[in-house]
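Hi everyone, thanks for coming. Have a look at the model on the screen, and I'll walk you through a few spots in it.

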Amino acid sequence: MRKIVCIIMTICLCGAASAQKADFRKGNRQFKKGDYGQADISDRKGLLKDSTSVKGGYNLANNLYRQQNFDEAATQMDAIPVDSLNVKEFDADVLFNKGDIAIARQDWQTAVNCFIQYLMVHPEDIAAKENYTYARYHLQNQDQNQNQDQNNQDQNQDQQQDQKDQPQLSPRDL
């Protein structure tokens, strides 16, 4: 009797797993065709059946990125665990895509950090080097602009203080 129950449970579990994988495979085919909206739907169906699927979350994040839904893509990509001390091939791809999403969102610091980690695994990747350089350039400009804005604010405050310190002449004093 136990064997029969075990066999039935195994069949049910395999059937559920194959249905979930079927959704992801369908989503992959649609993604390759450029039908990102339908791929998004298929991946979401797969994630409803298996919310712990890392590759399913990765696929959904890529679909969202292609649809220029950068905020949701970043949220989905951030949910994917990346072991930064032992970056595997898949994790490196996640880092590259996180960097691309960060560039699209103009989150320069995150982009720089992701591409640094990616380049530790793939130092020969020209596209990653270009993206890293691009993000670093914008990060430096952002820092310079913030410093300039702060200096301008300080100067304005100094000028206002100087004006307050000068004696005010009334029309009678003239």
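So, the secondary structure here comes to 7 helices and 0 strands. Helices (H or I, at least four residues) and strands (E, at least two) are DSSP runs, numbered from the N terminus. If you read along the sequence, you get α-α-α-α-α-α-α.

Some housekeeping before we zoom in. This is a predicted model, where local features need pLDDT of at least 70 and side-chain atom pairs count only at pLDDT 80 or more, while totals for chains, interfaces and linings use all residues. Residues are numbered from 1 along each chain as its sequence is written, and side-chain values use heavy atoms, with hydrogens and water left out.

Now the overall picture. The protein has 174 residues, and 30% of them are buried. Buried means under 20% relative accessible area, exposed means over 50%, and partly exposed is in between (1.4 Å probe, protein chains only). The accessible surface is about 12200 Å², and 50% of that belongs to carbon and sulfur atoms. Those areas come from the Shrake-Rupley method with a 1.4 Å probe, and for residues only the protein chains shown count as cover. What about contacts, meaning heavy atoms within 4.5 Å? Of the contacts with a separation of 6 or more, 44% are between residues 24 or more positions apart.

Okay, salt bridges. A salt bridge here is a side-chain nitrogen of Lys or Arg within 4 Å of a carboxyl oxygen of Asp or Glu. How many does the structure hold? There are 4 salt bridges, and I'll show you some of them.

Start with R44, in helix α2. The side chains of R44 and D40 meet in a salt bridge at 2.5 Å, N to O. Both residues sit in helix α2, 4 residues apart, which is about one turn of the helix. Is D40 buried or exposed? D40 counts as buried, because its relative accessible area is 7%. R44 is at 32%, so R44 is partly exposed.

R44 also has a salt bridge with E72, at 2.7 Å, N to O. That pair links distant parts of the chain, with E72 in helix α4, R44 in helix α2, and the two positions 28 residues apart. E72 has a relative accessible area of 33%, so E72 is partly exposed too. Put those together and D40, R44 and E72 are linked in a network of salt bridges. Beyond residues up to four places away in sequence, R44 touches L60, L64 and E72.

Another one to find on the screen is D71 with R105, where the closest N and O atoms are 2.9 Å apart. This pair also links distant parts of the chain: D71 is in helix α4, R105 is in the loop between α5 and α6, and they are 34 residues apart. R105 is partly exposed, because its relative accessible area is 38%.

Next, rotate to the surface. Which residues gather in a patch of positive charge? They are K21, R25, K26, R29, K33 and K45. Patches are made of residues with over 30% relative accessible area and no salt bridge, with like charges joined within 9 Å and nonpolar side chains (Val, Leu, Ile, Met, Phe, Trp, Tyr) within 5 Å. Lys and Arg count as positive and Asp and Glu as negative, while His and the chain ends are not counted. The place of a charge is taken as NZ of Lys, CZ of Arg, CG of Asp or CD of Glu. Helix α1, residues 2-33, gives the most to this patch, with 5 residues. K26 is in that helix, and K26 is partly exposed because its relative accessible area is 38%.

Stay on helix α1 and find Q30. Q30 is at 13% relative accessibility, so Q30 counts as buried. Leaving aside neighbours within four places in sequence, Q30 is in contact with D35, Q38, A39 and S42. S42 lies in helix α2, residues 36-49, and S42 is buried because its relative accessible area is 6%. With the same kind of neighbours left aside, the contacts of S42 are D23, K26, G27 and Q30.

Last stop, helix α7, residues 126-165, where you'll find L139. L139 counts as buried, because its relative accessibility is 12%. Not counting residues up to four places away in sequence, L139 touches W108, Q109 and V112. The C-alpha atoms of L139 and A111 are separated by 9.3 Å, with the two residues 28 apart along the chain.

How values were computed:
Contact = heavy atoms within 4.5 Å.
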